[in-house]
Amino acid sequence: MFLKNSKISRHLKVLLPDRRQDIFIGEDSASWIIEKLASSGYSGFVVFCDHNIANLYKNLLSEIKDKLEPADIILVKPTEANKSIEFLNLCLERCVKANLNRNGCLIAIGGGVVGDLAGFLASVYMRGIDMVFMPTTLMAQGDTIINKVAISYKLLKNVIGSFYSPVITVCDTNFLKSLPKKEISLGFSEIIKHALVYSQTFTKSLSGILSSSMSDWKTYDWDYLVYESLKIKSRLVEKDPHDKLGTHKGLSYGHTLANALEGLSNFNFRHGDAVGLGMRISGEISKSLGFLKKEDLELQNSLINAVVLPLKFPHSVNPDQVIDYLKRDKISINEQINLVVLEKIGKHRVVKNVDEKLVREVLETFLS
Ligand SMILES: NC(=O)c1ccc[n+]([C@@H]2O[C@H](COP(=O)([O-])OP(=O)(O)OC[C@H]3O[C@@H](n4cnc5c(N)ncnc54)[C@H](O)[C@@H]3O)[C@@H](O)[C@H]2O)c1
């Protein structure tokens, strides 16, 4: 055991320019952090909790009420629409009414929607207050918030944001046991991405773990999977916290395509599904450009297949609509398509001005 009297098995320290983030991973770590916070000296707490988590984990909320006496508990319906200025406004009002001050702390419990919403609020409220995050989905654990939080403006996803990290993130892997299998698949998209772009070893290990196509997912060593995934993400963000050097451009592998597909579906196509399909398309482009070998592409696709992510985009669009989005993505400049491609497993590069005809040809095979 990592920390005395807890089941925390792993700890990552992330050193950022103006703060340090401690990430603890382990079963039952939620109760452990509540105990710690009770004697932490914060002036008060406001809790943001996913509406479904509040129903599923009533004991956890009772424990928080008893031990931390929060000034308010804001239940959040986890829809992308709630990552909005309008909902943020309502939350701000609640924090002000609760007299949350600069020495107070926000506690966020839920998936990425709650994390991003509470994280963005914490980053701007009183010019920034502390947040403790307890991510409850595989997506929000394996790709947890490290120095980036954002909400959306209308259909423009994640366009209002800050460089901000929770002071403490507690990945209690027990939460994953109540997730539907589909949410596990979605979360795996980012874990697979981290492996593909930065680590041959982790990719090999994932290939073994996923060889029975998730039939045994309830027995996975989640502490290991979340830790390996976050080790990659945290080291990259530490090297280039404000994404200025391009060091962590690889984290965008599949995402330029994913942003387009999510937007074209009015956000009905889930982020994890879009990342999975975005990696399939980007992998095919990487191969057509002469970078990625056939065997490496097959290995990538075998991982995406194993976690049952879509083979095709289920909404009716044509390649030109996707290309239009690609040209407007933040990675692309002057109407050119720029994409992160794989050179081989564990190595990526950014290719500028990718041939539009090639992109169109590849897209034809993935659009229904
Ligand atoms: N800031 C970042 O670094 C970062 C990283 C990844 C994702 N995100 C954002 O996160 C969002 C997606 O997050 P998500 O995939 O976690 O989705 P989500 O927050 O919408 O949660 C998905 C569903 O799972 C339910 N749920 C949550 N925990 C559960 C549990 N333990 N048991 C049963 N059900 C549970 C939720 O109620 C919801 O219905 C996107 O908006 C994405 O942009 C941000």
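## Valine 308

Let's start with one residue: valine 308 counts as partly exposed because it has 16 C-beta neighbours inside 10 Å. (With C-beta atoms placed from the backbone, 20 or more others within 10 Å makes a residue buried, 12 or fewer makes it exposed, and partly exposed is in between.) Keep in mind that this is a predicted model, where local features need pLDDT of at least 70, side-chain atom pairs count only at pLDDT 80 or more, and totals for chains, interfaces and linings use all residues. Residues are numbered from 1 along each chain as its sequence is written.

Where does valine 308 lie? It's in the loop between helix H12 (294-306) and helix H13 (319-328). (Helices are DSSP runs of H or I with at least four residues, strands are runs of E with at least two, and both are numbered from the N terminus.) Leaving out residues up to four places away in sequence, valine 308 touches Ser185 and Met214, where contact means backbone-placed C-beta atoms within 7 Å.

## Around the ligand

The ligand is surrounded by 28 residues, and the closest are Asn52, Gly111, Gly112, Thr137 and Met139. (To count, a residue's backbone-placed C-beta atom must lie within 6 Å of the molecule.) Helices H2 (51-56), H5 (112-124), H6 (138-142) and H7 (181-198) each give two or more residues to this shell, with H5 giving the largest share, four.

Domain 1 (8-178) and domain 2 (181-364) both give residues to the shell, so the ligand lies between them. The domain bounds come from an automatic or database domain assignment.

Conventions
Two residues are in contact if their C-beta atoms, placed from the backbone, lie within 7 Å.
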